[in-house]
Amino acid sequence: MRTNRSQRNHDRSIDLGLDKIGLSVFLYAYAVLLGACYLFAFWRPFGFNVFPYLGVHDYVSAPLNRVIVLVAVPLVFAVIFAAEARTEDRKFRRNVAIYLVLLYGISFVKDFYQAVSRYQSTSFHFANEISVLFIAALLFAVGAGIALYSYRALAGLPAQVVALVLVQSSVSMAAGYSDGKAVYNGAVEVHFLENKDICEPGGVRDWVLLGAFGGQTFFMNTIDKRMCLTDQKNFRLVSRQVREGF
């Protein structure tokens with residue numbers, strides 16, 4: 001009896017360990033997905049494909065200023081999975097999912113409004129820029145529709161997860177485009193390259209930091225929007241807010 005009981009406990013601990021590993025992999029993959037949505041939308045205003053320069057860690061580390069999108073939702077997923085393991089009450093999970101969609105819907109409306117406003121504030125756009133806004137709106141509409149169906153039909157966990165993934169992907173895209181367009185237009189929060197000779201010997205125009213990926217750092221000229229890629233590590237940045245006294 002003791003042998004059988006200890007064996008069952010051992011098997012149960014193995015199952016729980018595998019469940020934790022599977023959940024960790026899912027949450028990391030989910031963070032990578034949201035990071036990819038953010039980066040895709042962020043770089044559309046620059047007309048540049050940054051993905052060949054990215055490592056896996058860049059997808060998670062690049063949009064850290066949107067930490068709520070990347071961290072809060074995986075934690076919420078963990079809560080839902082825990083609820084799935086402990087209760088068969090679909091009404092509880094249904095209410096959690098619909099409330100989360102409503103909450104993230106507010107975030108989407110704010111970021112999407114900023115994205116559209118910043119799109120309209122410039123006369124020049126790359127050919128595929130507007131597609132980012134359409135895709136973000138489509139993802140949100142489909143996710144909200146699935147969430148509503150799940151709420152009314154008491155659908156299972158997969159439908160609720162799909163709804164949240166779609167809604168959060170739309171939030172990431174709206175936020176990414178809004179941030180990228182703000183930098184392109186001259187955001188107050190940007191940082192300038194102090195030693196301009198790194199990008200343009202003898203140059204007088206400022207170079208704005210766009211990000212660092214795969215061992216290279218990306219800058220953009222503030223006047224003609226040229227881009228500069230450098231693998232130098234020894235450079236200094238100065239905040240626009242500090243330099244211009246905002």
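## Nonpolar cores

In this predicted model, the largest nonpolar core comprises 23 residues, and Trp43 and Phe46 have the most contacts inside it. Two or more residues of this core are given by each of α1 (2-43), α6 (157-185), β2 (207-213) and β3 (216-221). Helix α1 supplies the largest share, 5 residues. Once neighbours within four places in sequence are set aside, Phe46 is in contact with Phe126, Gly180, Val183, Tyr184, Leu210 and Met220.

A second core, separate from the one just described, has 21 residues, including Ala136, Phe140, Ala163 and Val171.

## Overall architecture

The protein contains 7 helices and 5 strands. Read from the N terminus, the order of the elements is α-α-α-α-α-α-β-β-β-β-β-α. Of the contacts between residues at least 6 apart in sequence, 68% join residues at least 24 apart.

Of the 246 residues, 41% count as buried. The exposed area of the protein is about 13,600 Å², of which carbon and sulfur atoms supply 62%.

## Helices α5 and α6

Helix α5 covers residues 129-153, and its end C-alpha atoms lie 37 Å apart. This agrees with the expected span of 36 Å, because the helix has 25 residues at 1.5 Å a residue. The buried residues of α5 are Glu129, Val132, Leu133, Ala136, Phe140, Gly143, Ala147 and Ser150. Two of them, Ala136 and Phe140, are also members of the second core.

Ser169 is located in helix α6. Its relative accessibility is 5%, so Ser169 counts as buried, the cut-off being under 20%. Beyond its neighbours within four places in sequence, Ser169 is in contact with Leu33, Leu34, Cys37 and Leu139.

## The β2-β3 hairpin

Strands β2 and β3 pair in the antiparallel sense over 6 bridges. One of the bridge pairs joins Ala212 to Thr217 in β3. The two strands form a hairpin with 2 residues between them, and Gly214 in the turn has a positive phi of about 55°.

Strand β3 is largely enclosed by the rest of the structure, because 5 of its 6 residues are buried. Gln216, found in strand β3, is partly exposed, with a relative accessible area of 25%. Apart from residues up to four places away in sequence, Gln216 touches Tyr53, Gly211, Leu229, Thr230 and Lys233. The C-alpha atoms of Gln216 and Leu229 are 6.3 Å apart, although the two residues are separated by 13 residues in sequence.

## The β3-β4 hairpin

Strands β3 and β4 also pair in the antiparallel sense, over 4 bridges. Met220 has Met227 of β4 as its bridge partner, and Phe219 stands opposite Cys228 of β4. Strand β4 (residues 227-230) has a covered face, formed by Cys228 and Thr230, and an uncovered face, formed by Met227 and Leu229. Met220 is in addition one of the residues in contact with Phe46.

The hairpin formed by β3 and β4 has 5 residues between its strands. Lys225 is found in this loop, and has a positive phi of about 65° although it is not a glycine. Most residues other than glycine have a negative phi. At 27% relative accessibility, Lys225 counts as partly exposed.

## The C-terminal helix

Arg240 belongs to helix α7, which covers residues 240-244. This arginine, Arg240, has a relative accessible area of 18% and is therefore buried, as the cut-off is under 20%. The side chain of Arg240 reaches the backbone oxygen of Gly186 at 2.6 Å.

Definitions and conventions: Residues numbered from 1 in each chain as written. Predicted model: local features only at pLDDT ≥ 70, side-chain atom pairs only at ≥ 80, totals over all residues. Heavy atoms only, no water. Buried < 20%, exposed > 50% of the residue type's maximum accessible area, 1.4 Å probe, protein only. Contact = heavy atoms within 4.5 Å. Areas by Shrake-Rupley, 256 points an atom, 1.4 Å probe, with all protein chains shown as cover. Expected span 1.5 Å × (residues − 1). Core = buried A, V, L, I, M, F, W, Y, C linked by side-chain atoms within 4.5 Å. Pairing = 2+ DSSP bridges. Polar contact = N/O pair within 3.5 Å; in protein donor to acceptor, adjacent residues only side chain to side chain.
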